[in-house]
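Student: I want to know what stands behind the labels used for this model. Can we go through them one at a time?

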Amino acid sequence: MANAASGIAVHDDCKLKFLELKAKRTYRSIIFKIEEIQKQVIVEKVGEPAESYEDFAASLPANECRYAVYDYDFVTQENCQKSRIFFIAWSPDTAKVRSKMIYASSKERFKRELDGIQVELQATDPTEMDMDVIKSRAA
């Protein structure tokens, strides 16, 4: 189903891969891309469970927008193992204005398709989504 605001649809694979990340922990991360010709969000890359946060962050393109999901594991002060699923709207300042507009207008609709997101981040440069930010938002 296409998004009324931007005309962007969500490929079924996006939801399937997200469910595998959430329920089976098959992946550590998923990077989604809007395919402008087909006007739909597609899965661009999945990160294996052993992938580090640094590897994930480095795989986001420097000059293009993306949506991403990252499953962050951490230990609380009470020594409990927990995880948080982050949704990251990556929109670097150097991306094309048209691309930023399409990603911004499609974000809420896409996010609704991914049931189980716990924390949302909007990042325009790597410092806005570095490990310190992730840690502070996860707690």
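Tutor: Start with pairing: two strands pair if DSSP finds at least two bridges between them. In this predicted model, 7 bridges join β2 to β3, which run antiparallel. Seven bridges meet the cut-off of at least two, so β2 and β3 count as paired.

Student: What makes β1 and β3 a pair?

Tutor: β1 and β3 share 2 bridges, in the parallel sense. The rule asks for at least two, so the pair qualifies. One bridge puts Val10 opposite Val41 in β3.

Student: How do you know that β4 and β5 are joined?

Tutor: Strand β4 covers residues 66-75 and strand β5 covers residues 81-90. They run antiparallel, and 10 bridges link them. Phe74, for example, has Lys82 in β5 as its bridge partner.

Student: Why is the sheet called mixed?

Tutor: The open sheet has 6 strands in the order β1-β3-β2-β4-β5-β6, and its pairing is mixed. Both senses have come up already: β1 with β3 is parallel, while β2 with β3 is antiparallel.

Student: What makes β1 and β6 edge strands?

Tutor: β1 (9-10) and β6 (119-123) each have a single partner strand, so one side of each lacks a neighbour in the sheet.

Student: How do you know that α1 packs on the sheet?

Tutor: By contact, which means heavy atoms within 4.5 Å. Helix α1 (residues 12-24) touches β1, β2 (29-35), β3 (40-47), β4 and β5. The direction of α1 makes about 35° with that of β3.

Student: What makes β2 and β3 a hairpin, and what stands out in the turn?

Tutor: The two strands are joined with 4 residues between them. Glu35 stands opposite Gln40 in β3. In the turn, Lys39 has a positive phi of about 55°, although Lys39 is not a glycine.

Student: Why is Lys39 called partly exposed?

Tutor: Lys39 has 42% relative accessibility. Buried means under 20% and exposed means over 50%. The value falls in between, so Lys39 is partly exposed.

Student: Where is Arg25, and what is its phi?

Tutor: Arg25 sits in the loop between α1 and β2. Its phi is near 60°, again positive in a residue other than glycine. The relative accessible area of Arg25 is 38%, so Arg25 is partly exposed too.

Student: How do you know that Cys14 and Cys65 form no disulfide?

Tutor: A disulfide needs two cysteine sulfur atoms within 2.5 Å. The search of the whole structure finds 0 disulfides. For Cys14, the nearest cysteine sulfur is that of Cys65, 16 Å away. That distance lies outside the cut-off, so neither cysteine is in a disulfide with the other.

Student: What makes Cys14 and Cys65 buried?

Tutor: Cys14 has 0% relative accessibility. Cys65 has a relative accessible area of 1%. Both values are under 20%, so both cysteines count as buried. Over the chain, buried residues make up 42% of the 139 residues.

Student: How do you know that the chain agrees with a compact globule?

Tutor: For 139 residues, the globule rule gives a radius of gyration near 14 Å. The chain has 15 Å, which agrees. Its C-alpha atoms fill a box of roughly 45 × 30 × 20 Å along the principal axes.

Technical notes: Residues are numbered from 1 along each chain as its sequence is written. This is a predicted model: local features need pLDDT of at least 70, side-chain atom pairs count only at pLDDT 80 or more; totals for chains, interfaces and linings use all residues. Side-chain values use heavy atoms; hydrogens and water are left out. Axes are lines fitted to C-alpha atoms, for helices over the stretch in contact, and angles run from 0 to 180 degrees between N-to-C directions. The radius of gyration is taken over C-alpha atoms; the globule rule is 2.2 Å times the number of residues to the power 0.38. Buried means under 20% relative accessible area, exposed over 50%, partly exposed in between (1.4 Å probe, protein chains only).
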